[in-house]
Amino acid sequence: MQMFSSRLAFRMFFFSILLSGCGQSGPAEQSKAAGSIELTVGGTTFPETEGERHWLQFAKQSALKTEGAIAPKMLIYGQLGSEEQIISALRRGRIQFANVSAMAISTLVPESALLYAPFLFESEAEADFILDEYLTPVYRELLAEQGLHLITWYEIGFLQVYGKEPLLVPADAKGRRFRVGAGLAARMFAESLNADVIPLGFTDVVAGLQTGLIEAGENSVSLYARSGIAPEAPQLTLTDHSYGVSMIVVQKDWWDKQTPEVQQVLNTSFPGIRESRLDVRAESVRDLDNAKALGITIHVLDSSQRAAWLSAAGGIRDELADAIGGRSAEILAVISHGRLAYQEQAPEAAAAL
């Protein structure tokens, strides 16, 4: 009975907010309040992935918590096109929510490209700590200046190198038609390998491999294994070179117009950062364990091979920061400070994950 009363009280309170200023409302007007908060979500997820499950959870929870006042329209399967097109749709108000990689966001906030600098983070735990404790306020400010509000990070794990043929050391990539996404970091990484750099949207990667336009590239394990790339380029080298970071963002003008109650609902309807990290990492482990069935050949680097990748691409971060400008030098300093803080309390940070 108490639970029923709480739900009823919330429902009455929520709809009183929606209908405030509208004068007296009868049952017909109140029924129109259902689904009255327009919310369209854009993304490029794939079926039967953790990313899809997380977005469907968001849709279910936001509708449930508002008694149907929010009924998100989910365009999460690439219906809007590339990530660059999703960003454009956000800025023009066609959609309100989106999951976009930091690499793609760098076309709007150049400093976001720094997050993909090769060998910027030494481990997932270190990256988590620095992102949460040091980088969130910086990037929230940068995104706000461009009309976006950062809800949370959404990480896809370290990027690996894939190819039609094995790429065990950087020299193996020389002259290879290497696909890069939007963002300076990806291009500079491919250039450090002396590869033939081919800019190509993610939705065109499979077709590019099939036609021979590209023959290699980089991506996280799950996006590689579950997006159709693996059958076309079955050689996967575990380089762990760049940390794949995406952002759950919302159009800031729209966000600022919502009540604190609605903002709270939307903030808590998407899985928490710890949950999403654990889910995505577990998915990657399952994909690697299932590599044989997927037709993937995995190459684990020995110490000399890893040293070669570090030698080729490890110095890019400073060059990248110089090329980007803006607050890049400040951000690298913040990351260095965060790394020292992490090292001082690494056992405690690891235990919390």
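**Entry 1. Terms and model**

I take partly exposed to mean a relative accessible area between the buried limit, under 20%, and the exposed limit, over 50%. I note that the model I am reading is predicted.

**Entry 2. Salt bridge R327–E141**

I looked up E141 and found a relative accessibility of 43%, so E141 counts as partly exposed. I then looked for its charged partner: the side chain of E141 meets that of R327 in a salt bridge, at 3.0 Å from N to O. I asked which parts of the chain this pair links. R327 sits in the loop between α15 (316–324) and α16 (328–344), while E141 belongs to helix α6, and the two are 186 residues apart. For R327 I recorded a relative accessible area of 21%, which means that this residue, too, is partly exposed under the limits of 20% and 50%.

**Entry 3. Salt bridge R226–D287**

I next examined R226 and D287, whose side chains form a salt bridge of 2.9 Å, N to O. The pair joins distant parts of the chain, with R226 in helix α9 (residues 221–226) and D287 in helix α12 (residues 273–289), 61 residues apart. Are the two partners buried or partly exposed? I found R226 partly exposed, at 29% relative accessible area, whereas D287 is buried, at 6%.

**Entry 4. Salt bridge D256–K252 and the network**

I turned to D256 and K252, where the salt bridge spans 2.8 Å from N to O. Both residues lie in helix α10 (residues 252–257); because they are four residues apart there, about one helical turn separates them. I noted D256 as partly exposed, with a relative accessible area of 44%, and K252 as partly exposed, with 24%. I also traced one network in which salt bridges with shared partners join E124, D128, D132, E155, R277 and R281. For the whole structure I recorded 18 salt bridges.

**Entry 5. I130 in helix α6**

I returned to helix α6, which covers residues 124–145 and contains I130. The relative accessible area of I130 is 0%, so I entered this residue as buried, the limit being under 20%. Which residues does I130 touch, leaving aside those up to four places away in sequence? I listed F121, L135, I335, G338 and R339. I also checked I130 against H337: the two are 207 residues apart in sequence, yet their C-alpha atoms are 8.9 Å apart in space.

**Entry 6. Nonpolar cores**

I recalled that nonpolar side chains tend to be buried together in soluble globular proteins. I looked up the largest nonpolar core and found 69 residues, of which L115, L135, Y139, W153, F178 and M247 touch the most other members. Helix α6 supplies the largest share of this core, with ten residues. I found another core lying apart from it, of 20 residues, including I37, W55, V250 and F270.

**Entry 7. Largest pocket**

I closed with the largest pocket, which holds about 690 Å³ of space. The lining comprises 36 residues, and I noted T44, E83, I156, N219 and L223 as the closest to the pocket's centre. How many of the lining residues are nonpolar, polar and charged? I entered 15 nonpolar, 15 polar and six charged residues.

How values were computed:
Residues numbered from 1 in each chain as written. Predicted model: local features only at pLDDT ≥ 70, side-chain atom pairs only at ≥ 80, totals over all residues. Heavy atoms only, no water. Buried < 20%, exposed > 50% of the residue type's maximum accessible area, 1.4 Å probe, protein only. Contact = heavy atoms within 4.5 Å. 1 Å grid on protein atoms, 1.4 Å probe; cavity = no way out; pocket = protein on both sides within 12 Å on 5 of 7 lines; lining within 4 Å. Points joined across faces, edges and corners; volume = space filled by probe spheres on them. Nonpolar A, V, L, I, M, F, W, Y, C, P; charged D, E, K, R; others polar. Core = buried A, V, L, I, M, F, W, Y, C linked by side-chain atoms within 4.5 Å. Salt bridge = Lys/Arg side-chain N within 4 Å of Asp/Glu carboxyl O.
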